[in-house]
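Visitor: I should like to understand the terms used for this model, and how each of them is justified. May we examine them one at a time?

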Amino acid sequence: MIKIRDLEYLTAIAQYKHFGHAAEACFVSQPTLSGQIQKLEQRLKLTLIERQPRNVMLTPAGEALVQQARQVLNAANNFEEAAKALLDPLSGDLHIGLIPTLAPYILPHIMPALNTKLAKINFYLHENRTQDLLQQLETGKLDILILPWLPEMARFQRFDLFTEPLVMATSPSHALANKAKVSFDDLHNQKILTLEDGHCLRDQAMGYCFSAGAEEDHSFRATSLETLRYMVASNMGITLLPQLATINYAPQKHLHYIAFENPQPKREIALLCRTGYARMESVKAVVHEVRQAVTGLFD
C-alpha cells in the first residue's frame, strides 16, 4: 500500500528538484528518501524521477502523478483539520499569507483584534509575492491569503474585505504637489516610478497610469514601497501608493500624498481559501474581524 509519507517525498522532489534539499525538508536522510522513491517506482512500475548527475527532474508520469499526490495530501490535511474543528472550530494554527505591499500596512490594524477576539487561534504570518502565495495555498502550506484580487484567483473561494484607494505621492517641489486632488488627466505625460516585475501592485498602478498617457521611468525599478517613497522624496519622480501605506506616514515634510478625483485607482483586497477548506468557521471569523478592524480607515 502506498503511504502518505511516500507522496510527501515525491512532492518535495518536485518542489526542490534536488534529493538532498528534499530530504532535508522532509527531515529524513537522503538515502532514505531516495530508497523510498525507488520502492514507489517499483510498486507503480513507472519511472517518476529522471536522475542526472547535476539535475533531478520529474518524468511525464511523475509530473502527472505529483498533481494527484498533492490532492491526496491536501485531503489528508483537511481530514485532520476537520477533526480539530469538531473539537473547537475557533482554535489551532492558522497560516496567513500576505504580499509585501500590504502586510506591513494592514497588520497593525487587524492583528490586535484577531489576537484578542480569536485568542485560541495561533496566527502564523507569511510574506511573499502573489504567485508564490497562490502556489503555497494550493498545496496546503498556507490556510488563507489576504491580498489584492486578480482574475487568476477565481479557482479559490473569495471573501471581499475592503476596497483600498491608491493615492499619488510627489515631492513638495513637483508641479502637482499643491493640488487638493489630482485627476486622471493630470497623469498625462508624467514619468511614473514603479516597483520591479512580480509585484501585482505594479500591474494595477501602471494599468491606470498608462491608460492616462503616463510613462514609466525605466531607469530604476524599486524593490519595495519604502524605496519608492524615498525616490519620490528625492524628487526623482512621482508614484502611486496604496492608501494604507500613507496612513501612518502622513503628513511628511518631504512627501505630499494627494487623493484622486473619481474615477479613483483602487485595489480590491480579498481573503482567499481553498474551496472546501475544512475550517470554514475560522475563516469566516477572520473575515468578520478584519472587516470590522478596517471600518472607517478610508473615510
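Visitor: What makes the lining of the largest cavity count as 8 nonpolar, 2 polar and 1 charged residues?

Guide: The classes follow a fixed list: Ala, Val, Leu, Ile, Met, Phe, Trp, Tyr, Cys and Pro are nonpolar, Asp, Glu, Lys and Arg are charged, and the others, Gly among them, are polar. The lining includes L193, A205 and M206, and also T194, T239 and R202. Set against the list, R202 is charged because Arg is named there as charged. The whole lining thus divides into 8 nonpolar, 2 polar and 1 charged residues.

Visitor: What kind of model is this, and how are its residues numbered and its values restricted?

Guide: It is a predicted model, in which local features need pLDDT of at least 70, side-chain atom pairs count only at pLDDT 80 or more, and totals for chains, interfaces and linings use all residues. Residues are numbered from 1 along each chain as its sequence is written, and side-chain values use heavy atoms, with hydrogens and water left out.

Visitor: Why is one space called a cavity and another a pocket?

Guide: On a 1 Å grid over the protein atoms alone, a cavity is a set of points where a 1.4 Å probe fits but cannot get out, whereas a pocket is an open set with protein on both sides within 12 Å along at least five of seven lines; a lining residue has an atom within 4 Å of a point. The structure holds 2 cavities of 30 Å³ or more, and the largest has about 70 Å³ of space. A volume is the space filled by probe spheres set on the grid points, which are joined across faces, edges and corners. The largest pocket has a volume of about 690 Å³. Of its 21 lining residues, the closest to its centre are T11, Q15, L73, T139 and K141. Two or more lining residues come from each of α1, α4 and α6, and α1 gives the largest share, 7 residues.

Visitor: How do you know what counts as a helix or a strand?

Guide: Both are DSSP runs, numbered from the N terminus: a helix is a run of H or I of at least four residues, and a strand is a run of E of at least two. The chain contains 10 helices and 12 strands.

Visitor: Why is the length of helix α4 said to agree with expectation?

Guide: The expected span is 1.5 Å times one less than the number of residues. The 28 residues of α4 (residues 60–87) should therefore span 40 Å, and the end C-alpha atoms are 42 Å apart, which agrees. In α4, the buried residues are G62, V66, A69, L73, N74, N78, E81 and A85. An α-helix has 3.6 residues a turn, so residues three or four places apart point the same way. Among the elements that cover the buried residues of α4 are α1 (4–16), β2 (55–58) and α6 (130–138). The second largest pocket, of about 300 Å³, also involves this helix: α4 gives the most to that lining, with 5 residues.

Visitor: What makes helix α5 bend at I110?

Guide: The model shows where the bend lies rather than its cause. The bend at a residue is the angle between axes fitted to the seven residues ending there and the seven starting there. At I110 that angle is about 40°, and a proline, P112, follows within four residues.

Visitor: Why is E41 called buried?

Guide: Buried means under 20% relative accessible area, exposed means over 50%, and partly exposed lies in between (1.4 Å probe, protein chains only). E41 is therefore buried, since its relative accessible area is 10%. E41 belongs to helix α3 (residues 30–44). A contact means heavy atoms within 4.5 Å, and E41 touches L46, T47, L48, I49 and R51, leaving out residues up to four places away in sequence.

Visitor: Why do K45 and N235 receive their labels of accessibility?

Guide: K45 has 73% relative accessibility and so counts as exposed. K45 sits in the loop between α3 and β1 (49–52), with a positive phi of about 60° although it is not a glycine. N235 has 44% and so counts as partly exposed. N235 also has a positive phi, about 65°, without being a glycine.
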